[in-house]
Every structure is written in structure tokens, then in C-alpha cells.
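I'm opening a notebook on a structure I haven't looked at before. Short entries, one topic at a time.

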Amino acid sequence: RIWAAMACFVIVGKGEPLYTCDFGGGASTEDATYRQYAVHSSLDMVDEAVWNTPNNYLKAVDRVGDALVSAYVTAGQVRFLLLHRSRSDEAVRTFFYEVHELYLKVLLNPFHKPHSALTAKGFHAKVKALAQR
């Protein structure tokens with residue numbers, strides 16, 4: 001289980017966040033805002049790392065205090081970012097792959113407009129369930 005090690009997960013499309021999930025539990029709104037800021041501040045490092053590897057999974061691209069920001073980039077240049085304290089690279093990779101599958105299922109829905117916010121409660125519940133594994 002890496003649930004306790006995760007803090008914040010964000011999906012960023014072409015210039016704007018499409019989905020945000022804060023795993024901080026009962027933490028204050030200020031803490032949640034800080035976690036989201038930490039993740040978004042790593043976007044430049046993700047953009048640089050994309051050019052240095054042919055892989056979708058970019059591993060840890062930034063360090064924020066004692067936490068890491070790991071990234072995954074889809075073929076359509078949608079970026080998945082995760083702020084976490086997990087040292088298990090395989091658990092983070094698996095989380096990204098499974099969320100990517102969920103994301104693809106949403107994109108295949110004819111009623112979903114590409115590059116729009118992911119607001120479905122079912123998607124949110126499944127992301128949280130994946131994080132609890």
C-alpha cells in the first residue's frame with residue numbers, strides 16, 4: 001500500500017489542470033494548496049525530462065522537502081504528476097499505468113470533450129481506490 005505515502009496527484013493537459021486529487025486526508029486547506037503548488041512547480045522539469053528519455057514514466061523529476069514528484073507523460077502530452085514519499089518505484093509506476101488506463105477509458109466516452117476537466121465521481125473514486133492498493 002502506498003496510500004499513506006501519497007500526498008497529491010494532478011493530471012495536466014495543454015496548459016491547465018484537468019484533474020486534482022489530494023490524498024492529505026484531514027489536512028488544512030493551506031497544506032493542500034501547498035502540495036498542489038509543489039506539484040505544479042515541477043512542470044518545467046517534466047518538460048525537460050521528456051526530451052531525455054523515450055519512456056512515458058519519468059520517475060522522480062523533483063524533490064520537495066522530503067517528498068518526491070514523479071511524472072508520467074502520455075503520447076498526447078498529458079502529464080500525470082504525483083507528490084509522494086514512497087521509495088517504491090514499482091508501486092508508483094503501477095499507479096501511473098493504471099490511472100492512464102482509466103484516463104483512456106474516459107477519453108473513449110463519446111460524451112467527454114477532450115482536454116476538459118475530469119469531473120466524474122466514478123473516475124475520482126477509482127483513482128482513490130488505486131492509491132489505496
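**Entry 1: two phenylalanines in a row**

I started with F95, which is buried, with a relative accessible area of 2%. F96 is buried as well, at 0%. I should jot down early that this is a predicted model, so everything here is computed from it.

How many aromatic pairs does the structure hold? I got 11. F95 and F96 make one of these pairs, and theirs is tilted: the ring centres are 6.2 Å apart and the planes stand at 55 degrees. A note to self on why I wrote two numbers: a pair of aromatic rings is described by the distance of the centres and the angle of the planes.

Both residues also belong to one aromatic cluster, along with F9, Y19, Y57, Y72, F80, Y97, Y103 and F123.

**Entry 2: the nonpolar cores**

Next I went to the largest nonpolar core, which has 24 residues. Which of them touch the most other members? The names are F9, I11, F23, F80, F95 and F96, so my two phenylalanines turn up again. Strand 1, strand 2, strand 5, helix 3 (89-107) and helix 4 (121-132) each supply at least two residues of this core. Helix 3 gives the most, with 7 residues.

There is a second, separate core of 18 residues, and L43, L58, V64 and A71 are among them. My general reminder for this page: in soluble globular proteins, nonpolar side chains tend to be buried together.

I then listed what F80 is in contact with, leaving aside neighbours within four places in sequence. The list is F9, V10, I11, S70, A71, Y72, T74, F96, V99, H100 and Y103.

**Entry 3: the sheet**

I traced the strands and found an open sheet of 5, in the order 2-1-5-4-3, with antiparallel pairing. Which strands stand at the edges? They are strand 2 (17-22) and strand 3 (57-64); each has a single partner strand, so one side of each is left without a neighbour in the sheet. Neighbouring strands are turned by 15 degrees against each other on average, ignoring direction.

Then I went through some pairings:

- Strand 1 and strand 5 pair in the antiparallel sense over 6 bridges.
- Strand 1 and strand 2 pair in the antiparallel sense over 5 bridges.
- Strand 3 and strand 4 (67-73) pair in the antiparallel sense over 6 bridges, and in strand 4 it is S70 that stands opposite A60.

Strand 1 (6-12) got a closer look. All 7 of its 7 residues are buried, so it is largely enclosed by the rest of the structure. The hairpin of strand 1 and strand 2 has 4 residues between the strands, and there G15 takes a positive phi near 95 degrees.

**Entry 4: the cysteines**

C8 has a bridge partner on each of two strands: L83 in strand 5 and D22 in strand 2. Is C8 buried or exposed? It is buried, with a relative accessible area of 0%. C21 is buried too, at 1%.

Why is there no bond between C8 and C21? A disulfide is a covalent bond between the sulfur atoms of two cysteines. The closest cysteine sulfur to that of C8 is in C21, and at 7.8 Å it is too far for a bond; the cut-off I used is within 2.5 Å. C21 is in no disulfide either, as its nearest cysteine sulfur is that of C8. The count comes to 0 disulfides.

**Entry 5: helices across the sheet**

Helix 1 (29-40) lies across strand 1, strand 2, strand 3, strand 4 and strand 5 (79-84), and runs at about 55 degrees to strand 1. Helix 2 (43-50) lies across strand 1, strand 3, strand 4 and strand 5, at about 145 degrees to strand 3.

I picked A38 in helix 1 for a last check. A38 counts as buried, at 3% relative accessibility. What does A38 touch, not counting residues up to four places away in sequence? The answer is V64 and V69. I also looked up A38 against V73: they are 35 residues apart in sequence and 18 Å apart in space, C-alpha to C-alpha.

Note on methods:
Residues are numbered from 1 along each chain as its sequence is written. This is a predicted model: local features need pLDDT of at least 70, side-chain atom pairs count only at pLDDT 80 or more; totals for chains, interfaces and linings use all residues. Side-chain values use heavy atoms; hydrogens and water are left out. Rings of Phe, Tyr and Trp (its six-membered ring) pair if their centres lie within 6.5 Å; planes under 30 degrees apart count as stacked, over 60 as edge-to-face and the rest as tilted. Buried means under 20% relative accessible area, exposed over 50%, partly exposed in between (1.4 Å probe, protein chains only). Two strands pair if DSSP finds at least two bridges between them. Axes are lines fitted to C-alpha atoms, for helices over the stretch in contact, and angles run from 0 to 180 degrees between N-to-C directions. Contact means heavy atoms within 4.5 Å. A nonpolar core is a set of buried Ala, Val, Leu, Ile, Met, Phe, Trp, Tyr and Cys residues joined through side-chain atoms within 4.5 Å.
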